[in-house]
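Grab a viewer and work through these short exercises on one protein model. Each comes with a solution that goes step by step.

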Amino acid sequence: MALALCDDTLLCNFPKCRTKLSGFAWVTACSHVFCDQHGSGEFSRSPAICPACSSALSGKLDIVRTELSPSEEYKAMVLAGLRPDIVLDISARALAFWSYQVHQERMYQEYSLSRAEAQLKQMDKVLTQQNQSRELELTSMRGEIASLKKVMEEYKRKYSEVSERLMERNRQYQKLQGLYDSLRLRNMVVGMGDREMPQQEHFNAAMARLTTPQRSPQFLSASHGDGDNRFFSCLEQEGAKSFFGFTTPGKDRGRPLVKKH
């Protein structure tokens with residue numbers, strides 16, 4: 001902020017300090033003022049150089065450490081005994097120093113303002129470019145979203161069709177599964193019946209053979225009488241051999257068939 005003539009506070013002219021001065025200050029012949037800390041550090045070296053304007057300060061009174069708030073006794077005696085023209089000259093030089101400090105502060109503030117405005121313009125330009133880029137990206141993304149929505153609707157439609165087909169296939173599969181199960185059960189029943197029927201037939205045939213009486217063949221007529229009975233009783237004692245199990249007549253030619261008493 002710019003200093004007015006009525007302001008009673010100066011700022012340190014050190015570039016990185018710029019604090020309000022109080023207590024003691026270092027004043028230079030080139031019309032600059034520094035705080036006690038930076039003045040003591042900078043002006044302790046020889047030759048002394050002004051940190052603000054780089055002027056050489058080699059004179060005895062080129063650098064003065066002064067009290068900014070002097071006592072009443074000091075103010076009463078500092079200019080006492082001097083002619084009015086000298087007092088006015090000293091006062092004019094002191095006011096010129098103050099005016100220079102005010103002008104310097106105003107120039108610094110204007111420089112800071114112009115620099116801030118330049119930075120603001122640059123930031124506005126960058127922000128405008130970024131906004132334009134974001135608008136382009138947003139427009140592109142909106143287009144992509146619209147195309148993706150169309151693709152999603154198409155996929156939804158295809159999904160619905162595929163789901164309907166799948167449900168129809170599932171119904172057909174369930175129907176075919178039921179038919180397959182019924183046919184399989186029927187084939188199992190038929191197969192079990194086919195295996196049981198031959199066993200039943202063999203069992204029935206065996207029972208029929210056991211229950212049917214065996215008859216001997218009638219080779220001779222009933223008129224032979226006792227000879228026939230003796231013949232058949234002889235056959236039964238030999239184990240009821242069949243007719244084809246007897247020996248041929250040629251081998252038993254000398255032996256009578258029936259023994260007569």
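**Exercise 1. Count the disulfides, and work out what Cys30 and Cys35 are doing.**

Start with the total: searching the whole structure turns up zero disulfides. Keep in mind that this is a predicted model.

Next, check Cys30. Its nearest cysteine sulfur belongs to Cys50 and is 3.6 Å away, and Cys30 is in no disulfide.

Then do Cys35. The closest cysteine sulfur here is that of Cys12, at 3.8 Å. The cut-off is within 2.5 Å, so the Cys35 sulfur is too far away for a bond.

Last, is Cys35 buried or exposed? With 11% relative accessibility, Cys35 is buried.

**Exercise 2. Find the aromatic pairs and classify their geometry.**

You need two numbers per pair: ring pairs are described by the distance of the centres and the angle of the planes.

Step one: the whole-structure search gives two aromatic pairs.

Step two: take Trp26 and Phe43. Their centres are 6.0 Å apart with 50° between the planes, and that pair is tilted. Trp26 belongs to strand β1 (residues 24–28), while Phe43 is in the loop between α1 (36–42) and β3 (48–49), so this pair ties together parts 17 residues apart in sequence.

Step three: take Phe34 and Phe43. Here the centres are 5.6 Å apart and the planes meet at 75°, so you call this one edge-to-face.

Step four: join them up. Ring pairs link Trp26, Phe34 and Phe43 into a cluster. As for accessibility, Trp26 and Phe43 are buried, Phe43 with a relative accessible area of 12%, and Phe34 is buried at 0%.

**Exercise 3. Which charged residues sit over the rings of Tyr108 and Phe24?**

For Tyr108, look at Arg18: its charged end sits over the ring, 3.8 Å from the centre. For Phe24, pick Arg65, which lies over the ring face at 4.2 Å from the ring centre.

**Exercise 4. Lay out the sheet that contains β1.**

First get the strand order: three strands make an open sheet, β2-β1-β5, with antiparallel pairing. The edges are β2 (33–35) and β5 (63–67), each pairing on one side only. On average, neighbouring strands in this sheet are turned by 30° against each other, direction ignored.

Now go pair by pair. β1 and β2 are joined by three bridges in the antiparallel sense. Across that pairing, Trp26 stands opposite Phe34, and Val27 has Val33 as its bridge partner.

On the other side, β1 and β5 pair, again antiparallel, over five bridges. There, Ala25 is opposite Thr66.

Finish with the connection: β1 and β2 form a hairpin with four residues between them, and Ser31 in the turn has a positive phi of about 70°.

**Exercise 5. What does the side chain of Gln101 contact?**

Locate the residue first: Gln101 is in helix α3 (residues 84–211). Gln101 is buried, with 4% relative accessible area.

Then list contacts. One is a polar contact with the side chain of Asn13, at 3.0 Å. Another reaches the backbone oxygen of Ser31 at 2.8 Å. That brings you back to the β1–β2 hairpin, since Ser31 is in its turn.

Key. Residues are numbered from 1 along each chain as its sequence is written. This is a predicted model: local features need pLDDT of at least 70, side-chain atom pairs count only at pLDDT 80 or more; totals for chains, interfaces and linings use all residues. Side-chain values use heavy atoms; hydrogens and water are left out. Buried means under 20% relative accessible area, exposed over 50%, partly exposed in between (1.4 Å probe, protein chains only). Rings of Phe, Tyr and Trp (its six-membered ring) pair if their centres lie within 6.5 Å; planes under 30 degrees apart count as stacked, over 60 as edge-to-face and the rest as tilted. Helices (H or I, at least four residues) and strands (E, at least two) are DSSP runs, numbered from the N terminus. A charge sits over a ring if NZ of Lys or CZ of Arg is within 6 Å of the ring centre and within 35 degrees of the ring normal. Two strands pair if DSSP finds at least two bridges between them. Axes are lines fitted to C-alpha atoms, for helices over the stretch in contact, and angles run from 0 to 180 degrees between N-to-C directions. A polar contact is a pair of N or O atoms within 3.5 Å; within protein, one must be able to donate a hydrogen and the other to accept it, and residues adjacent in sequence count only if both atoms are side-chain atoms.
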